[in-house]
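Work through these exercises with the model open beside you. Try each task before you read its solution.

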Amino acid sequence: ALRAPDSVLVSGTESPGDGGHPAPFLAWSTDLGATWARTSFPARADRTLRIAQVDPDEPETAYLRVTGGASDQLAIATDGGARVEVALDLGAPMSAFVKASDGSLYVGTRTGRLWRRAPGQGFDAGPGPQFRCLGERGGVLYACGDDQLDGFAVGVSHDQGAHFSPLLRIE
């Protein structure tokens, strides 16, 4: 198992020597980069892996934004990147992600969609602000929105993202 203080996670793409499409990869180190375990993925010109968050409770698990085309996916890497599974196809670019302190996952887009997955359940989708960021502290969600479209630059939700209230406006 990985230990957070000594663990490093890197995502990237590697171009093959033959001029083909770049291949995305994850590399995980448990000794501050002295050695690396690497997982490569099939080469596709339109896909990139980006790290959304390393799980604060399980440092051998990471949440990834798989970008490309008009739709992003949320993937979950477990066992230090040895296994990667697509958990959600968003149908739009992902712009916000957080694993909450209760274990729920929240994924937002700039198109005003919020997906929530409580532990042990599937994803539910609903409306939300035009997400620019997403965070959580003590069961309270905080979101960056579009001040003009959402009525706030930073909003707060006390009901797991069902409603957001203005916390900060920029006028």
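**Exercise 1. Find out whether Trp115 is buried or exposed, and place this residue in the fold.**

Solution. Start with the surface. Trp115 has a relative accessible area of 9%, so this residue is buried. Here buried means under 20% relative accessible area, exposed over 50%, and partly exposed in between (1.4 Å probe, protein chains only). Next, find the element: Trp115 belongs to strand 10. Helices (H or I, at least four residues) and strands (E, at least two) are DSSP runs, numbered from the N terminus. Last, look at Leu88. Trp115 and Leu88 are 27 residues apart in sequence, and their C-alpha atoms are 9.1 Å apart in space.

Keep the ground rules in mind. This is a predicted model: local features need pLDDT of at least 70, side-chain atom pairs count only at pLDDT 80 or more, and totals for chains, interfaces and linings use all residues. Residues are numbered from 1 along each chain as its sequence is written, and side-chain values use heavy atoms, with hydrogens and water left out.

**Exercise 2. Describe the whole protein: its elements, its dimensions and its buried share.**

Solution. Count the elements first. The protein has one helix and 15 strands. Then take the dimensions. The C-alpha trace spans about 50 × 35 × 30 Å along its principal axes. Now test the globule rule. The radius of gyration is taken over C-alpha atoms, and the rule is 2.2 Å times the number of residues to the power 0.38. For 171 residues, a compact globule would have a value near 16 Å; the protein has 17 Å, which agrees. Finally, buried residues make up 43% of the 171 residues.

**Exercise 3. Trace the open sheet that contains strands 12 to 15.**

Solution. Begin with the order. Four strands line up as 12-13-14-15, with antiparallel pairing. Two strands pair if DSSP finds at least two bridges between them. Which strands stand at the edges? Strand 12 (133-137) and strand 15 (165-168) do; each has a single partner strand, so one side of each is left without a neighbour in the sheet. The twist averages 30 degrees from one strand to the next. Axes are lines fitted to C-alpha atoms, for helices over the stretch in contact, and angles run from 0 to 180 degrees between N-to-C directions.

Now follow the bridges.

- Strands 12 and 13 run antiparallel and are joined by five bridges. Arg137 has Val140 in strand 13 as its bridge partner.
- These two strands form a hairpin with two residues between them, and Gly138 in the turn has a positive phi of about 55 degrees.
- Strand 13 (residues 140-144) and strand 14 (residues 154-157) are joined by four bridges. Tyr142 has Val156 as its bridge partner, and Cys144 stands opposite Val154.

**Exercise 4. Do the same for the open sheet with the order 4-5-6-7.**

Solution. The pairing of these four strands is antiparallel. Strand 4 (48-54) and strand 7 (83-89) are the edge strands, each pairing on one side only. Neighbouring strands are turned by 30 degrees against each other on average, direction ignored. Six bridges join strand 4 to strand 5 (residues 62-67). Ile51 stands opposite Leu64 in strand 5.

**Exercise 5. Which residues lie nearest the centre of the largest pocket?**

Solution. They are Phe41, Leu49, Val66, Gln73 and Val86, out of eleven lining residues. A pocket is an open set of points on a 1 Å grid over the protein atoms alone, where a 1.4 Å probe fits, with protein on both sides within 12 Å along at least five of seven lines; lining residues have an atom within 4 Å of a point. The volume is about 210 Å³. Strand 6 (73-78) and strand 7 each supply at least two lining residues.

**Exercise 6. Compare two loop residues, Leu32 and Gln160.**

Solution. Take Leu32 first. Its loop runs between strand 2 (23-29) and strand 3 (37-40). Its phi is near 55 degrees, a positive value in a residue other than glycine. Leu32 is exposed, with a relative accessible area of 58%. Now take Gln160. This residue lies in the loop between strand 14 and strand 15. Phi of Gln160 is near 60 degrees, again positive. Gln160 is partly exposed, at 40% relative accessible area. Gln160 also lines the second largest pocket.

Notes. Grid points are joined across faces, edges and corners, and a volume is the space filled by probe spheres set on the points.
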